[in-house]
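Trainee: I would like to take a close look at one part of this structure with you. Could you start from a single side chain and work outwards?

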Amino acid sequence: MATLRNIYVIGAQSTGKTTLVNALATHFEQHPDSMRNTESQPKLIKEVARGVLQRHSYTADDIVSSKSRALELQRLILEAQCEAEKAASEQWYISDRSGLDPLVYARLFVGWNETSVLIQEQSWQYLQEMMRSGLVIVCESGGEWLINDGVRLMPQDRDAWLQMHTTFCETLDGFGIQYHVLPAALRDLNGRVEFALTRWRSLCMGLTT
């Protein structure tokens, strides 16, 4: 029987992450025996950061206006992501972010040296191991997805948006975490779902990805 691996759909803002997560969830609802496993229905981990922002009365502006508040916010998000993944650990799950996200935001808006505080957190030690055993899909910036919802911090311009994608990949490389870049040019949702499913099936079957 195949080992069902967790799926992390990560990347910069407005790159179609939530849309892909929802589409994957729909696929598994409609194909519960995808891997011939009676427990193939995943749990969903979504909007962790949004929940932290609301519970602790943060705004997106706090990330750019105060380095100390920005760092504390990322620490809270890291802890919340860890709690969410531990709560879902009795079965496999799909998440629209990962423990790496707070490190990337801290690196960009606080500084790499300050980010070392987060790297020492026990929550990151746990989360990075979960990522190593799962499938990490990085949605590339540059498509026609950029929409301001009034909650998330938006990039200043297209160059900043593309730079965030680069920082995600560089940070993953730095920790030696394998990942797959979902090209922005692949806009068809069915194609994006198949991109993720093909790599997920290979990982679950223990094949080289």
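Trainee: What is the relative accessible area of Glu 129?

Mentor: Happy to. Glu 129 has a relative accessible area of 45% and is partly exposed; here buried means under 20%, exposed over 50% and partly exposed in between, with a 1.4 Å probe and protein chains only. A word on the source: this is a predicted model, in which local features need pLDDT of at least 70 and side-chain atom pairs count only at pLDDT 80 or more, while totals for chains, interfaces and linings use all residues. Residues are numbered from 1 along each chain as its sequence is written, and side-chain values use heavy atoms, with hydrogens and water left out.

Glu 129 has a partner, Arg 132, and their closest N and O atoms are 3.3 Å apart in a salt bridge (a side-chain nitrogen of Lys or Arg within 4 Å of a carboxyl oxygen of Asp or Glu). Both residues belong to helix H7, 3 residues apart, about one turn of the helix; helices (H or I, at least four residues) and strands (E, at least two) are DSSP runs, numbered from the N terminus. An α-helix has 3.6 residues a turn, so residues three or four places apart point the same way. Like its partner, Arg 132 is partly exposed, at 36% relative accessibility.

Helix H4 offers a parallel case: Glu 79 and Arg 75 lie there 4 residues apart, again about one turn, and their side chains meet in a salt bridge with an N to O distance of 2.5 Å. Their relative accessible areas are 27% for Glu 79 and 22% for Arg 75. Another pair is Arg 201 and Glu 194, at 3.4 Å, N to O. Salt bridges that share partners also join Glu 72, Arg 75 and Glu 79 into one network. Over the whole structure the search finds 6 salt bridges.

Now turn inwards. The largest nonpolar core (a set of buried Ala, Val, Leu, Ile, Met, Phe, Trp, Tyr and Cys residues joined through side-chain atoms within 4.5 Å) has 41 residues, and Trp 124, Met 131 and Val 136 are among those with the most contacts inside it. The elements giving it two or more residues include H7 (122-133), strand E4 (135-139) and H4, and H4 gives the most, with 8 residues.

Val 136 is worth a look. Leaving aside neighbours within four places in sequence, Val 136 is in contact (heavy atoms within 4.5 Å) with residues including Tyr 8, Ile 10, Met 131, Leu 172 and His 180. Apart from that core lies another, of 21 residues, with Ile 7, Leu 135, Cys 139 and Leu 182 among them.

Finally, the sheet. Its 5 strands form an open, parallel sheet in the order E2-E3-E1-E4-E5, where pairing requires at least two DSSP bridges between two strands. E2 and E5 (180-182) are the edge strands, each pairing on one side only. E4 and E5 pair over 3 bridges, and Ile 137 stands opposite His 180 in E5.
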